[in-house]
Amino acid sequence: MSVPLLAIDRVRKAFGGLVAVNDVSFEVAQGELLGLIGPNGSGKTTMLNLISGALSPTSGNILLSGQPIAGLAAHKIARIGVARTFQLVRVLPSMSAVENVVAGAVFGHNRLWGGEALTLARELLARVGLKGREEIPVAAMTYIDQKRIELARALASNPHVLLLDEWLAGLNPSELRIGMELIREISAQGRTIIMVEHVMDAIRSLCQRCVVMNSGTKIADGISASVLADPEVVRAYLGDDDDA
Ligand SMILES: Nc1ncnc2c1ncn2[C@@H]1O[C@H](COP(=O)(O)OP(=O)(O)OP(=O)(O)O)[C@@H](O)[C@H]1O
Ligand SMILES: [Mg+2]
């Protein structure tokens, strides 16, 4: 493989004196399901914000299929082919499930309109387990169902890269199993995914490879089983009270 699908090259993000992402580099291959882990406050969400364009890096490059995207407006990066879900679910509560997903189809990489967008939205809602509930206002739906909608909306843009920020957080054990299966299926269909996650069982079972951040710095990058057994990684997590 000559050009990786996504290349993060010495990316830095400072908020005043706080360096949230400290010259981090890693690559993501086409079709890979990469885990991005680290204790609370280690810079994971900031990294996703830099890739999706919600934030501009202080320095460094981000290349999607060799094309520089760092610092472009979020809507431009979405158009080029990056979609995401948010750590705190963001859906349009007054709109129905299907309307939320249509919004993803219209504004993303795909740019479908009208009937085509609607057909795709219904298909994706069925795929995430919401068949028959397409017309319900999102405000009346449970947390996991809102998460399903957010995932369907991200997929509706047919992104080259899908960014999941703790998509599995807050699910009960049976929902977690369903959620993991869903991510596995989406990955098996060839979608390239970066998943930020605190649920280590999910990382172990879904991600062949993971990148670990601690205080803004990348401290490990490799096969999940060995990375998770790395003493430096274990030490970083032991200092973190919030991790389960
Ligand atoms: N917009 C911002 N302005 C100032 N500081 C910020 C901003 N966003 C994040 N930070 C800080 O940057 C650091 C990294 O935050 P970030 O949200 O990326 O961590 P995280 O790894 O996603 O943590 P968690 O696991 O708790 O979600 C934290 O110290 C946070 O307070
Ligand atoms: Mg976060």
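Which residues coordinate the magnesium ion (ligand 2)? In this predicted model, the job falls to T45, through OG1, and Q87, through OE1, at 2.0 to 2.2 Å. T45 sits in helix α1 (residues 44-52) and Q87 in the loop between β6 (82-85) and α3 (97-107), so the pair ties together parts that are 42 residues apart in sequence. Beyond the metal, here's a quick look at a buried glutamate and the nonpolar cores.

**Metal site**
- T45 counts as partly exposed, with a relative accessibility of 25%.
- Q87 is partly exposed too, and its relative accessible area is 34%.

**A buried charge in α5**
- You'll find E150 in helix α5, which covers residues 143-156.
- E150 is buried but has no salt bridge.
- For E150, the nearest side chain of opposite charge belongs to R153, 4.0 Å away.
- Setting aside residues up to four places away in sequence, E150 touches T85, F86, V89, R90 and V91.

**Nonpolar cores**
- The largest nonpolar core has 54 residues, and L125, I149, L151, L162, L168, I183 and M195 are the ones with the most contacts inside it.
- Helix α5 gives the most to this core, chipping in 7 residues.
- Apart from that core lies another one of 26 residues, with L5, L48, V211 and M213 among them.
- If you skip neighbours within four places in sequence, I149 is in contact with V91, A97, N100, V101, L125, L130, V138 and M141.
- V91 turns up in the contact list of E150 and in that of I149.

Definitions and conventions:
Residues are numbered from 1 along each chain as its sequence is written. Chains are lettered from A and ligands numbered from 1 in the order in which they are written. This is a predicted model: local features need pLDDT of at least 70, side-chain atom pairs count only at pLDDT 80 or more; totals for chains, interfaces and linings use all residues. Side-chain values use heavy atoms; hydrogens and water are left out. Helices (H or I, at least four residues) and strands (E, at least two) are DSSP runs, numbered from the N terminus. Buried means under 20% relative accessible area, exposed over 50%, partly exposed in between (1.4 Å probe, protein chains only). Lys and Arg count as positive and Asp and Glu as negative; His and the chain ends are not counted. Contact means heavy atoms within 4.5 Å. Donors are N, O and S atoms within 2.8 Å of the metal (3.2 Å for Na, K and Ca); water is not among the atoms, so sites may look incomplete. A nonpolar core is a set of buried Ala, Val, Leu, Ile, Met, Phe, Trp, Tyr and Cys residues joined through side-chain atoms within 4.5 Å.
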